[in-house]
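Biologist: Before we use any of the labels attached to this model, I would like to hear how each of them was earned. Please take me through the terms one by one.

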Amino acid sequence: MVVSTLLHFNRDRYFVFAYVVMNDHVHVLVKPLGDSDMSKVLKGWKSYTANQLPRRFNRKGSIWQKDSYTHIIRDEEDFITKAEYILTNPQRRWADLQKYDWVVWLGFDED
């Protein structure tokens, strides 16, 4: 459900390059498009999933922390570093892991 929420407005309001949904956090490498504001995009993701997850999966309690960490990518080296971090996040947590379904590289094709 979190993945479908992240991708819902992909290529419309933002472009998602990569993401990982872990058991207790999410990383997304994303570029806002047009006049989209990243803080509003993030608020939309968090609001929708915080509303839907308890309903669909009978969850109780908070889903997300109040604060989020955002980082502006400054150059190609920074982009590569963040992409590698996202794509290798599951293996750092679970060293024996061979496959993880919720880590994806979507690439550069913004057209």
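Biologist: Why is Asp101 called partly exposed?

Modeller: Asp101 has a relative accessible area of 47%, and since buried means under 20% relative accessible area, exposed over 50% and partly exposed in between, with a 1.4 Å probe and protein chains only, the label for Asp101 is partly exposed. Bear in mind that this is a predicted model, in which local features need pLDDT of at least 70 and side-chain atom pairs count only at pLDDT 80 or more, while totals for chains, interfaces and linings use all residues. Residues are numbered from 1 along each chain as its sequence is written, and side-chain values use heavy atoms, with hydrogens and water left out.

Biologist: What makes the contact between Lys99 and Asp101 a salt bridge?

Modeller: The N to O distance between the side chains of Lys99 and Asp101 is 2.6 Å, and a salt bridge is defined as a side-chain nitrogen of Lys or Arg within 4 Å of a carboxyl oxygen of Asp or Glu, so the pair qualifies. Lys99 itself counts as exposed, at 61% relative accessibility.

Biologist: How do you know that Lys82 and Asp78 also form a salt bridge?

Modeller: Their closest N and O atoms are 3.7 Å apart, which satisfies the distance criterion for a salt bridge. Lys82 and Asp78 are 4 residues apart in helix α3, and are therefore separated by about one helical turn; helices here are DSSP runs of H or I with at least four residues, strands are runs of E with at least two, and both are numbered from the N terminus. Asp78 is buried, with a relative accessible area of 14%, whereas Lys82 is partly exposed at 29%.

Biologist: How many salt bridges does the structure hold, and which parts of the chain does the pair of Arg93 and Asp24 link?

Modeller: The structure holds 3 salt bridges, one of them between the side chains of Arg93 and Asp24 at 3.0 Å, N to O. That pair links distant parts of the chain, with Arg93 in helix α3 and Asp24 in the loop between β1 and β2, 69 residues apart. Asp24 is exposed at 53% relative accessibility, while Arg93, at 36%, is partly exposed.

Biologist: Why is β1 described as largely enclosed by the rest of the structure?

Modeller: The description rests on burial, because 8 of the 8 residues of β1 are buried.

Biologist: What makes β1 and β2 paired strands?

Modeller: Two strands pair if DSSP finds at least two bridges between them, and 7 bridges join β1 to β2, which run antiparallel. The two strands form a hairpin with 4 residues between them, and Val21 stands opposite Val26 in β2. β1 is also joined by 3 bridges to strand β3 (residues 103–105), again antiparallel, where the bridge partner of Tyr19 is Val104.

Biologist: How is the volume of the largest pocket arrived at?

Modeller: A pocket is an open set of points on a 1 Å grid over the protein atoms alone, where a 1.4 Å probe fits, with protein on both sides within 12 Å along at least five of seven lines; lining residues have an atom within 4 Å of a point. Grid points are joined across faces, edges and corners, and the volume is the space filled by probe spheres set on the points, which for the largest pocket comes to about 1,400 Å³. Of its 42 lining residues, the closest to the centre are Val26, His27, Val28, Leu42 and Tyr69.
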